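New to this one? Take a look at the sequence and the fold, then use the notes below as a quick tour.

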Amino acid sequence: MNIPLKAKLAYNTGHKLQYIPVPALKDNYIWVITNGCDAVVIDPGDAVSIIHFLQRHSLQLIAILLTHHHADHVDGVDLLIWMCGTDNPVPVYGPRSEAIQAITKPLMDKDKVWIEPLGLVLSVINVPGHTLGHIAYFSDISLDSVPHLLCGDTLFSSGCGRLFEGTPKQMLASLDALMTLPDTTEVHCAHEYTLSNIAFALKVEPDNEDLLIWHNQAQELRAAGVSTLPTTIGHEKKVNVFLRVHLSSIRQGLANKRHVYTIGRLETFTALREWKNVFR
Ligand SMILES: [Zn+2]
């Protein structure tokens, strides 16, 4: 990636960023990226929770990033912009192909977002499936060499988003694209769905030891009131059934529990997603 010089300078001068999940609505996380002074928020579906957070930590909102058009990801945008004043309006980045009126910086696949005060460069990745125009943001620069992914409702820990608009083929291709990112990539998902996703995954792969360990860890985290996120790409490859549709254990789970017999990855992914849609 061609990194702007100022971003490199910020990186070289010891500029550390924090990624903080702010709980909102029923089970959303509004992620805040901050250097302790300036802040970017991702998918503010609720203005009140994020305004309180910014005020409590004396953070200045400098940009809003959106992944897709659903109300629980965009409904706080107008109030946030109004709160920040109209003299120097906060830029709103989001997918060009989705109808979101507040967007002032429309984005397409492979576009770069440069947040200068944070020394942050994000690459846009098209990830259709949950919605048709859904995008994700990827940053491979940070002080601790950890890449970061903000993926909205595409990938969750041990699960993936429902297909409201796209096809299974589109979602599988989107997940495949995310799986090409480094295993160390920290994945910042937009919902705390981990325990319910694990409950389903254990029906599919009851003998997956990594999943059993993750179940215990996630239960402890939630019991302590702590987020199970971020996860990582490497971890999800071990505990996320939707990323494991090439394995015989997944086909076996479908055959044993649903009497569905699949052959290829797409057929297996489609059957798995249909099962999850009706799983309680
Ligand atoms: Zn959504």
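Let's start at Pro230, which sits in the loop between α7 and β14 (231-232). The peptide bond leading into Pro230 from Leu229 is cis, with omega near 0 degrees. Keep in mind as you browse that this is a predicted model.

**Unusual backbone spots**

- For background, most peptide bonds are trans, and most residues other than glycine have a negative phi.
- Lys110 has a positive phi of about 75 degrees, although it is not a glycine. You'll find Lys110 in the loop between β6 (105-107) and β7 (112-115).
- Ser158 also isn't a glycine, and its phi is positive too, near 65 degrees. Look for Ser158 in the loop between β11 (155-156) and β12 (159-160).
- Is Ser158 buried or exposed? With a relative accessible area of 1%, Ser158 is buried, whereas Lys110 is exposed at 64%.

**The zinc site**

- Which residues hold the zinc ion? The protein donors are His68 (NE2), His70 (ND1), His130 (NE2) and Asp153 (OD), and they lie 2.1 to 2.3 Å from the zinc ion.
- Along the chain, the donors of the zinc ion follow the spacing H-x1-H-x59-H-x22-D.
- His70 and His130 link distant parts of the chain, as they are 60 residues apart. His70 is in the loop between β4 (60-65) and α3 (71-74), while His130 is in the loop between β8 (120-126) and β9 (135-139).
- Why is the arrangement around the zinc ion irregular? The four donor atoms subtend angles of 89 to 169 degrees, and a tetrahedral site would need all angles to lie between 85 and 135 degrees.
- Both of those histidines count as buried: His70 has a relative accessible area of 17%, and His130 comes in at 4%.

**Salt bridges**

- How many salt bridges does the structure hold? There are six, and three of them are picked out here.
- Lys110 turns up again here, as its side chain meets that of Asp109 in a salt bridge (3.3 Å, N to O). Lys110 is exposed, but Asp109 is partly exposed, with a relative accessible area of 32%.
- Another salt bridge joins the side chains of Asp176 and Arg265 (2.6 Å, N to O). Asp176 lies in helix α5 (residues 168-179) and Arg265 in helix α10, so this pair ties together parts that are 89 residues apart in sequence.
- Both partners are partly exposed, Asp176 at 30% relative accessibility and Arg265 at 35%.
- Glu205 forms a salt bridge with Arg244, and their closest N and O atoms are 2.9 Å apart. Because Glu205 lies in the loop between α6 and α7 (209-223) and Arg244 in the loop between α8 (233-239) and α9 (248-258), the pair ties together parts 39 residues apart in sequence.
- This time the partners are buried: Glu205 has a relative accessible area of 5%, and Arg244 has 13%.

**The largest pocket**

- The largest pocket has a volume of about 340 Å³.
- Its lining is made up of 17 residues, and the closest to the pocket's centre are Arg162, Tyr193, Asn197, Arg273 and Lys276.
- Which elements give two or more residues to that lining? They are α6 (194-204) and α10 (265-278).
- Sorted by class, the lining has five nonpolar, six polar and six charged residues.

How values were computed: Residues are numbered from 1 along each chain as its sequence is written. This is a predicted model: local features need pLDDT of at least 70, side-chain atom pairs count only at pLDDT 80 or more; totals for chains, interfaces and linings use all residues. Side-chain values use heavy atoms; hydrogens and water are left out. Donors are N, O and S atoms within 2.8 Å of the metal (3.2 Å for Na, K and Ca); water is not among the atoms, so sites may look incomplete. Four donors count as tetrahedral if all angles lie between 85 and 135 degrees; four count as square planar and six as octahedral if opposite donors are over 155 degrees apart and all others between 65 and 115; anything else is irregular. Helices (H or I, at least four residues) and strands (E, at least two) are DSSP runs, numbered from the N terminus. Buried means under 20% relative accessible area, exposed over 50%, partly exposed in between (1.4 Å probe, protein chains only). On a 1 Å grid over the protein atoms alone, a cavity is a set of points where a 1.4 Å probe fits but cannot get out, and a pocket is an open set with protein on both sides within 12 Å along at least five of seven lines; lining residues have an atom within 4 Å of a point. Grid points are joined across faces, edges and corners, and a volume is the space filled by probe spheres set on the points. Ala, Val, Leu, Ile, Met, Phe, Trp, Tyr, Cys and Pro count as nonpolar, Asp, Glu, Lys and Arg as charged, and the others, Gly among them, as polar. A salt bridge is a side-chain nitrogen of Lys or Arg within 4 Å of a carboxyl oxygen of Asp or Glu.
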